[in-house]
Every structure is written in structure tokens, then in C-alpha cells.
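Student: I should like to examine this model with you, beginning with its cysteines and then turning to its ligand. May we look at the sequence and structure together?

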Amino acid sequence: MFKKGNLYFPTEKFRKSALANDKKIYQEAAKDPIKFWEKLAQQLFWFEKWEKAFVHKPPYFQWFQGGKINITSNIFEKNTLGFNKIKNKTALIWEPEPTNEKPRILTYDELFKEVNKFANALKKLGVKKGDRVGIYLPMIPEVMISMLACARIGAVHVVVFSAFSPSALRIRLQDTGAKILITTDGYYRRDKVINLKQNADDGVKGTKVKKVVVVKRAGNKIPWQKDRNLWYHELIKKQSDQCDPEVMDSEDLLFVLYTSGSTGTPKGTTHACGGYTVQAYWTGKWIFDLHKDSILWCTSDPGWVTGHTYTVYSPLLNGVTTLMFEGAPNWPTPDRWAQIIEKHKATIFYTAPTAIRMFEKLGTDLVRKHKFETLRLLGSVGEPIDEAAWKWYFKEVGKERCPLVDTWWQTETGGILITSLPGIGPFKPGFTGLPFPGVKVQIKQENLLILPPFAPGLLRGIYKNPKKYLETYWSQYGKKVYFTSDAAYKDKNGLIRIVGRVDDVIKVAGHRLTTGELEAAINLHPDITECAVIGIPDKIKGEVPVAFVVLKGKKPELKVKEELLALVRKQIGPIAKPKEIYIVKELPKTRSGKIMRRILRKLFTGKELGDLSTLANPESVEAIRKIIKK
Ligand code: WT7
């Protein structure tokens, strides 16, 4: 890349080789976005072509109405590169956490066969088109195989992040009514084996799950219920490695993925087969510049949307190699991630600002030992990347050579919607850049909005909750404008900078949580009268939660704090653990009784507290300040 003023551009060499390198696509797309997406969609394989590209019945809309498709056909037998060309090429490189274990490599042909075998096994268990299947798996190849097997037979996958607690799993299984759950005995995390089967057993209590399929990974001892547990390897043994794809309507559901919204309960975002496939394919191709020989390492766990789209679907649709790593990026050595890039010759590295800041903290000297000669592109996702982290990443990892795409999107959008394209630019540290061609964005009163025709991959609803769908996304600016809940502004070049969420969502190490769900967990404790949770800035994780609690009863404070930490872990998972719990006498409230979280936040940012006269108890603020200082 080269610098011109405060903007960066791809070099002539990069531009020439890039798949999208002509500014004209922006004009073409803006002129008629529907026609533009249609043109892109035509490159994929459809059993039957759509009748109408975009149908809008606010707040609902459809893409490629009447079209028939299967995402796995587009990955395998009908891949745009031609299946014969990719058959023997590596689809997946899987790097296990233990360094003495060998990576597992699957070619497209091998992956196809594994997917078909498991698809047939699921059919044998009675899974039919439209049925929801829970997937509670860590970063092992079977998470990908399971997702694809569901998609093959038209079942709707519901992946639940493996570090989520049994209660979090239960809510998702209950909401979707899944009858099958796929899990594992255990997996490695920093040398320890996590017994996931135990969590799965707790999580399925009170759900409709009839069978639990267990992948053998760590070989740890697990509880076993003969009548309802099945080993994955035994199940697929006798299955044929051929399985016809289910012909899916473009608008049929491909998956449900839960995410935190402004209230306490997670929302199941629903994604449709046709539109998602088109967006996953093209955003990956143009944003990561996926060439035949690309090796993409997206570090996200498939339990999050980033993993769905850019660890699994997008690279495979593009016929390139995807890299999946089981463990933590800094284990057993702080530069494990760097070693993996070099060992597997990754050409694209896509990770979160939290990870970047952690790599920097672990030592630039260590990073400088690595040349990263194979890398040609870097990506960032999940939270705003500050200028300092951007520059460090660009210099120390990208060696000032690789374009750095800062990609903005959400679980709801299914794929990236805002980022400058690497072959075109421009790039500016701290700015996510230009909307993807065909995406119309508007910023009104600092609110980031998306205008019709939105994007093919945008969510179609919240599972079984049309009211929440309408309220959350289509009520602030009317039924025709998608409200992102992010604040943003544009610079004079039209580049967009994301400021952050305007609701109670906090991003902890790039993971989406709401203060509401944490408060709900804390309020379950019998000794708590009331509580407030806020996100405060953190040097590495971006944001971390802290809790303020008012106690009743006589239990020692330390004991209550310990119990609260355990409670949050049990209700949500370790990622949600508050960094600090402050026991206070009262919370600042308005006269109508509303807790003023905004004021609590200001106590940490050093900002002026402003007018406290609307508070019923202004003196509470100083009392809390003293407690924080301690
Ligand atoms: C929220 C969505 C993006 C997929 C993974 C996260 C924040 C996301 C960026 C970025 C600034 C970003 C937004 C968004 N966010 N990407 N590049 N710059 N903020 O999906 O968990 O649904 O979270 O993440 O606040 O609304 P998610």
C-alpha cells in the first residue's frame, strides 16, 4: 500500500491482480442495486432461476423470489471453479491445539464425502427439511461438516458457541425446538480438556432434544445415556458418501443464529438460503480478494457469525482453502498465531482488534521474527479498531505491504456491508471505509441506517418473534429503513467511521453482550436488591463489563461477589464475567426510578458528569465514586 495524505491505496501491482479493481462497479451498483445483485447472483448455480429479484413488503423483504438453490451444491459439485478443478485441492486445514498432534487436511472431495455421510446419518435420525438442529461444537472440523450436512438436507442449523453455558444452550434449543444436538466429548483449551458433553447434558434438560450425537475429540470420560447418545463416528460408518442436495427455496431458512440485543433475551436472527449464499460468495471474493490459491485464516469460532460466513461458507463457495485453529492464539507460546500463519502459508489473516492489541502487548520483537511472506491481505472485524492498533497491525503483521480491510457488519447482516475494497481503496486508519457496492447507507443524527434494497444476506426476521423484529430494526425510522443501532459519521471522502453502539450492547473482546442479560443473571441471586451493569473501556478487550449491586441480607461481601461471578458464568459463560463488582448502597436514579447507567459510565471515562439535578439521589454518585477509587 502507499500513502497519499492521510489515505492509503493499494499499490499498482496489487490493484492489477485484484478481482475488484475498477471504481466503476460502485457507479454501476448505485444506479440499480437490484440489477447489480442479480448480475452477481447469476454467477452461482440455481436449480431454477428466480422470478423476482427483490420483493419488499415492509418490514419484510425477499431476494431472488422463486429461485431454487442449495449452498452446498455451490460449494461442491457446482462450484464456480468447477468441481473437477477443486476436488483434490485442500478445502480445510485444521490445526489442533496440542503441538504434538498433526493437522487434519481435508480436500474438497474428502470434505464432500464427510458431509454427505453425516447428512445421510442425520436423515436416518429422522431429520427433515426445515427441522432445526443444534450444534454445540468447538473449533474442530466436525463443526463445519455438521453445518454443511444440515444445509445439504435443508435442515436449519443453530450453532451455539461452545463456551456458552448450559443455560445459554438451553434457551436456544428451547426457542428453536431442536430435536437433535451435535456436541463433543471434550476439547483442548490451554492444555486443559473442557468436558463439553457434561455441559450439553445439562443444557438439553427441559428441551425437546431426543438424540445427542457426540464427536470423539479429546477421549475424556463423559456421562453416557444409552438410549439417547450416539457416537458420531459410529453413526457415519455405514452411511453412503453420496447424498442428493435438497432443493431449497431461495427464502427457505439456512440457519438461525442468536445474538444479544438491547433487552436481556437473545434474539434468533434468521437467514435465508439464496440471499445469504450470494452475499457470502461475493463479499468474500472481493473483500478478501480470493484467488484460486488463497488460504484464508479467519480466527473466529463458527459459533459466531464471522465464523459462519468467513471461516465456513465464503471461502468454500469460492473454492479456496480455509484454516481453522482449535486453540487460543497465544498458546503454548505467545506467537502461536504467527507460527500458524507461516506454517500453513496463510495468505489472508482476518481477526478482531482485541487479538491485535493482545499480540502487540505480547511483544513486537517476537512478531518481528516472523516475515509473514505469504500474507497479502489483512482484515479486522467485530469492534472499532483504534488508529494505534490499525497502524501496528499494518506495519508489524502486514509489513506495510498488505491492504488492511476494516470490515463492518453484524450477525443480522449475514456478511460484510461496509469496507473499502482492497484493489480500490481508499483506506484510513480508524475508518471502516466505503459501503460494499450495491449497499445503500445513510447516516442520520449519527445513526447508521441501511436503505432498500438492503442486502441479500440481511436477516429475514427474529425466530418466532415478529414483534421484536419490528421494534428492534424497523421502528426508529419507519418500516423501510434498517436501523443498525450503531453510531457513525462520514469524512469528506465518504469514508465511514463507526463510533459504537447506541443501545445497551457492549463488545467484550469483539463478543456481543448486553448489559441487560448480565443484569438478569445477577438479579437471580437471592441477596441482590438491584443492580446495574455497564461497559467500560479496556486497553485490550475494547470494553469490559462492570457491575454495581445493592445487597440485602448479611452475607459477607466477598462471598457474594464470588457467587455472582459463578452465576454469570453459569447463566451466560466465562466471556461475560464482570471485571469488577462494586457493592453500593444505592444506584443513581431519576425521580421516575430509572437507573442512570450513563452517569455510572462517566465515572470511568473521566468525562464531566453534567447536570445531576434530574436525579432523585445525586449524593449516590459521589459515594459510588469513592467505592470505585478504593
Ligand atoms: C456489532 C455487531 C461483524 C460480525 C461480527 C460481530 C460492531 C462490527 C465493526 C467494525 C466497528 C464494528 C458494531 C456492530 N462492529 N464490526 N469493523 N468497526 N464496529 O457481529 O456480534 O453481531 O456485532 O459489532 O457495533 O453493530 P455482532
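Student: How many disulfides does the count come to?

Tutor: The model is predicted, and a disulfide here requires two cysteine sulfur atoms within 2.5 Å. The sulfur of Cys150 has its closest cysteine sulfur in Cys243, 11 Å away, which is too far for a bond. For Cys298 the closest cysteine sulfur belongs to Cys402, and 17 Å is likewise too far. By this rule, the number of disulfides is zero.

Student: Is Cys298 buried or exposed?

Tutor: A residue counts as buried when its relative accessible area is under 20%. Cys150, at 0%, meets that criterion. With a relative accessible area of 2%, Cys298 is also buried.

Student: Which elements each supply at least two residues of the shell around the ligand?

Tutor: The ligand is surrounded by 17 residues, of which Thr407, Thr411, Asp486, Lys507 and Arg512 come nearest. By class, the shell divides into six nonpolar, five polar and six charged residues. The elements that each contribute at least two of its residues are helix 12 (305-317), strand 22 (404-407) and strand 27 (496-501).

Student: What percentage of the area that the ligand exposes when taken alone does the protein bury?

Tutor: Polar side-chain atoms approach oxygen atoms of the ligand: one of Gln410 at 3.0 Å, one of Asp486 at 2.5 Å and one of Arg501 at 2.8 Å. Taken alone, the ligand exposes 550 Å², and the share of this that the protein buries is 97%.

Key:
Residues are numbered from 1 along each chain as its sequence is written. This is a predicted model: local features need pLDDT of at least 70, side-chain atom pairs count only at pLDDT 80 or more; totals for chains, interfaces and linings use all residues. Side-chain values use heavy atoms; hydrogens and water are left out. A residue is near a molecule or strand if one of its heavy atoms lies within 4 Å of it. A polar contact is a pair of N or O atoms within 3.5 Å; within protein, one must be able to donate a hydrogen and the other to accept it, and residues adjacent in sequence count only if both atoms are side-chain atoms. Accessible areas come from the Shrake-Rupley method with a 1.4 Å probe; for residues, only the protein chains shown count as cover. Helices (H or I, at least four residues) and strands (E, at least two) are DSSP runs, numbered from the N terminus. Ala, Val, Leu, Ile, Met, Phe, Trp, Tyr, Cys and Pro count as nonpolar, Asp, Glu, Lys and Arg as charged, and the others, Gly among them, as polar. Buried means under 20% relative accessible area, exposed over 50%, partly exposed in between (1.4 Å probe, protein chains only).
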